[in-house]
Amino acid sequence: MTGPQKIAAAYVGHDGAAGPQLRYWTLAEAQSDPELMKPPVPVVAPLAYAGRATALSAREKIGKSTLTAVVVALLTHGRAFFDGDAPDACPVLWYAVDEPLADAVRRLTRDGAHPARVHVCEERPTPAEVDAKVRQTGARLVVIDTLSELWRGHVKDEKDPGQVAGFLR
């Protein structure tokens, strides 16, 4: 068989019922797949990578939104936050679902975000609405401030990784 061999295995639970089919790769097989060996594309290295989710987590009023606004301001002008290559300037979506829209606008303005490259919204979007706006604007970064407010009513236990992961997909 050419290319990585995908090995299927069945899991049998304690009650004897078959579980989901799992695929296993040997490390050698995985290493031979060029797609798996490509590093992720940075949007804001080392914080955010294309196609991946990043969560900034800390107690309230620590400065998560302030830090993120500075990163957004730099990104919209094509300037690096950390040492290294400057990213291409790009659009950003900012969903201010946990604060007054005016607070987000003032913060982004104060930090010098490019006014034509930041798209702000105070409504809770559905995943389909976020996807449509990303496609329309070409945004490379989506900020949802705050995630817990976004998933309110959809996730009953935010400490349950299964519920959280299901919502984020």
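Contact here means heavy atoms within 4.5 Å. Keep that in mind for L75, a handy place to enter this predicted model. Set aside the neighbours within four places in sequence, and L75 is in contact with V43, V44, P87, D88, A89, C90, V92 and L141.

Now zoom out to the whole chain. The protein has 7 helices and 7 strands, and walking along the sequence you meet them in the order β-β-α-α-β-β-α-β-α-β-α-β-α-α. Among contacts with a separation of 6 or more, 54% link residues 24 or more positions apart. As for burial, 27% of the 169 residues in the protein are buried.

So which residues of the largest nonpolar core touch the most other members? They are V72, L75, W94, L108 and L141, out of 18 residues in that core. That brings back two names from our starting point, since L75 is in contact with L141. Several elements chip in here: strand 3, helix 3, strand 5 (92-96), helix 4 (101-110) and strand 7 (141-145) each supply at least two residues. Helix 3 gives the most, with 5 residues. Apart from this core there's another one, made of 5 residues, including L93, V97, V130 and A139.

Next, have a look at the second largest pocket, with its volume of about 250 Å³. Its lining takes in 18 residues, and the closest to the pocket's centre are V43, A45, D85, A86 and P87. V43 and P87 should ring a bell, as both are on the contact list of L75. Which elements give two or more residues to this lining? Those are strand 3 (42-44) and helix 3 (64-76), and both also supply at least two residues of the largest nonpolar core. In chemical terms, the pocket lining splits into 12 nonpolar, 1 polar and 5 charged residues.

One last stop is the aromatic side chains. The structure holds 1 aromatic pair, formed by F81 and F82. Their ring centres sit 4.6 Å apart with 85 degrees between the planes, an edge-to-face arrangement. Are these two buried or exposed? Neither label fits, because buried means under 20% relative accessible area and exposed means over 50%. F81 comes in at 30% relative accessibility, so F81 counts as partly exposed. F82 is at 38%, and therefore F82 counts as partly exposed too.

Notes:
Residues are numbered from 1 along each chain as its sequence is written. This is a predicted model: local features need pLDDT of at least 70, side-chain atom pairs count only at pLDDT 80 or more; totals for chains, interfaces and linings use all residues. Side-chain values use heavy atoms; hydrogens and water are left out. On a 1 Å grid over the protein atoms alone, a cavity is a set of points where a 1.4 Å probe fits but cannot get out, and a pocket is an open set with protein on both sides within 12 Å along at least five of seven lines; lining residues have an atom within 4 Å of a point. Grid points are joined across faces, edges and corners, and a volume is the space filled by probe spheres set on the points. Helices (H or I, at least four residues) and strands (E, at least two) are DSSP runs, numbered from the N terminus. Ala, Val, Leu, Ile, Met, Phe, Trp, Tyr, Cys and Pro count as nonpolar, Asp, Glu, Lys and Arg as charged, and the others, Gly among them, as polar. Rings of Phe, Tyr and Trp (its six-membered ring) pair if their centres lie within 6.5 Å; planes under 30 degrees apart count as stacked, over 60 as edge-to-face and the rest as tilted. Buried means under 20% relative accessible area, exposed over 50%, partly exposed in between (1.4 Å probe, protein chains only). A nonpolar core is a set of buried Ala, Val, Leu, Ile, Met, Phe, Trp, Tyr and Cys residues joined through side-chain atoms within 4.5 Å.
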